[in-house]
Amino acid sequence: MLNAVIIGASGYTGAELARILTHHPEFNLTALYVSRQSADAHQPLSALYPQLAHCVELPLLPLENVSAVAEQADVVFLATAHEVSHDLAPHFYAKGCQVFDLSGAFRVNNREFYPQFYGFSHQYPELLQSAVYGLPEWTGARIVQTNLVAVAGCYPTVSQLCLKPLIEAGLLDDNVLPVINAVSGVSGAGRKASLKSSFCEVSLQPYGVFNHRHQPEIATHLGREVIFTPHLGNFKRGILATITAKLAQGVNESAVQQAFEQAYANAPLVRLCSTLPAVAQVQQTPFCDIGFRVQHGHIIIVGAEDNLLKGAAAQAVQCANIRNQFEQTLGLI
């Protein structure tokens, strides 16, 4: 078995990772870490998440000696803020650990991207070159060969899974930008209290219009520009993306169906639906569900995922499974 640790284990994504890895047959979850300043330090994770009682009983340890942690870990999951992952990942990578970073610190191989969209200057251009983007249905062959995986973001995951088969097959009109309208539950804002993400305050509203950091991530890895508008909805977890695009001349529904079926024939965590999916059917699951409708030369694609699972923790474990040549659904289904 491979020894695994989670850094940033007190957040929603960290807790989901702990739950999954505790029952994973090939990973031995040895420790959970939080920052030295965290008020959660030294508490059992189940004190924060009572549903994990008798499931995950490890304490939340303050991260004080990165080198000592690296010496004892084969696999490191970073469920940390972007700047924290930027600083920690190189140390674990240099020690030979497999690093699965759930932040945006290594997702885009362009240093100019980070000051503009993440507010810090990237100091590790060589790691940006070697990091592999963690969208396993499309980058699995490269994930096998790396020790640094930048797990795709939640909105980018569902958006790309919906659009990539059509773009790769040349089925979209290149002169018309796909329009992505996506709604996320409030857990996407993280565990820290904020008036803007308070469940009682949230209605349904767009944010980050024309300047959200996930837009360039989506565009970079799709290889084409898109219009992306995220929304915050008053539900706990899940993302629903409704995407409108113009089909290339002569493309019909049969060609679209064939493109999706070919792209995801061997993708057990993508489910193609004859009906348009809803958030409820993917909550608490590791799946991304996709359905579509074609009319008058246009397509509307609807994708749904759990933002904490297929959009984060389950996807990170899926990447780790692929990296170690396990069944990609091991521990997830």
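Which helix gives the largest share of the lining of the second largest pocket? Helix α1, residues 12–22, does, with four residues. The legends below refer to a predicted model.

**View 1. The second largest pocket and its lining.** The space in this pocket amounts to about 540 Å³. Its lining consists of 22 residues. Those that lie nearest the pocket centre are Tyr 12, Tyr 49, Ser 187, Lys 236 and Leu 308. Helix α1 supplies four of the lining residues, the largest share.

**View 2. A salt bridge within helix α1 joins Glu 16 and Arg 19.** The closest N and O atoms of the pair are 2.7 Å apart. Both residues belong to α1 and are separated by three residues, about one turn of the helix. Residues three or four places apart in an α-helix point the same way, because there are 3.6 residues a turn. Glu 16 is buried, its relative accessible area being 9%, whereas Arg 19, at 30%, counts as partly exposed.

**View 3. Arg 237 forms a salt bridge with Glu 16.** In this pair the closest N and O atoms are 2.9 Å apart. The bridge links distant parts of the chain: Arg 237 sits in the loop between β10 (227–233) and β11 (239–246), Glu 16 in helix α1, and 221 residues separate them. Arg 237 has a relative accessible area of 12%, so the residue counts as buried, the limit being under 20%. Glu 16, at 9%, is also buried. A network of salt bridges links Glu 16, Arg 19, Arg 237 and Asp 306. The structure as a whole holds ten salt bridges.

**View 4. Glu 71 and Lys 95 meet through their side chains in a salt bridge.** The N to O distance is 3.4 Å. This pair, too, links distant parts of the chain, with Glu 71 in helix α3 (residues 66–72) and Lys 95 in the loop between α4 (82–94) and β5, 24 residues apart. Glu 71 is exposed at 58% relative accessibility, and Lys 95 is partly exposed at 44%.

**View 5. Asp 101 is buried and has no salt bridge.** The residue lies in strand β5, which covers residues 98–101. The nearest side chain of opposite charge belongs to Arg 107 and is 6.7 Å away. A salt bridge requires a distance within 4 Å, so Asp 101 and Arg 107 do not form one. The side chain of Asp 101 does make a polar contact with the side chain of Ser 103, at 3.0 Å. Apart from neighbours within four places in sequence, the residues in contact with Asp 101 are Leu 78, Ser 85, Phe 106, Val 149, Ala 150 and Val 151.

**View 6. Helix α9, residues 214–222, is mostly covered.** Seven of the nine residues in α9 are buried: His 214, Gln 215, Pro 216, Glu 217, Ile 218, Ala 219 and Leu 222. These buried residues pack against two helices, α5 (113–117) and α8 (154–168), and against strands β6 (132–134), β8 (179–184) and β10. Gly 223, just after α9, takes a positive phi of about 80°.

Key:
Residues are numbered from 1 along each chain as its sequence is written. This is a predicted model: local features need pLDDT of at least 70, side-chain atom pairs count only at pLDDT 80 or more; totals for chains, interfaces and linings use all residues. Side-chain values use heavy atoms; hydrogens and water are left out. Buried means under 20% relative accessible area, exposed over 50%, partly exposed in between (1.4 Å probe, protein chains only). Lys and Arg count as positive and Asp and Glu as negative; His and the chain ends are not counted. A polar contact is a pair of N or O atoms within 3.5 Å; within protein, one must be able to donate a hydrogen and the other to accept it, and residues adjacent in sequence count only if both atoms are side-chain atoms. Contact means heavy atoms within 4.5 Å. On a 1 Å grid over the protein atoms alone, a cavity is a set of points where a 1.4 Å probe fits but cannot get out, and a pocket is an open set with protein on both sides within 12 Å along at least five of seven lines; lining residues have an atom within 4 Å of a point. Grid points are joined across faces, edges and corners, and a volume is the space filled by probe spheres set on the points.
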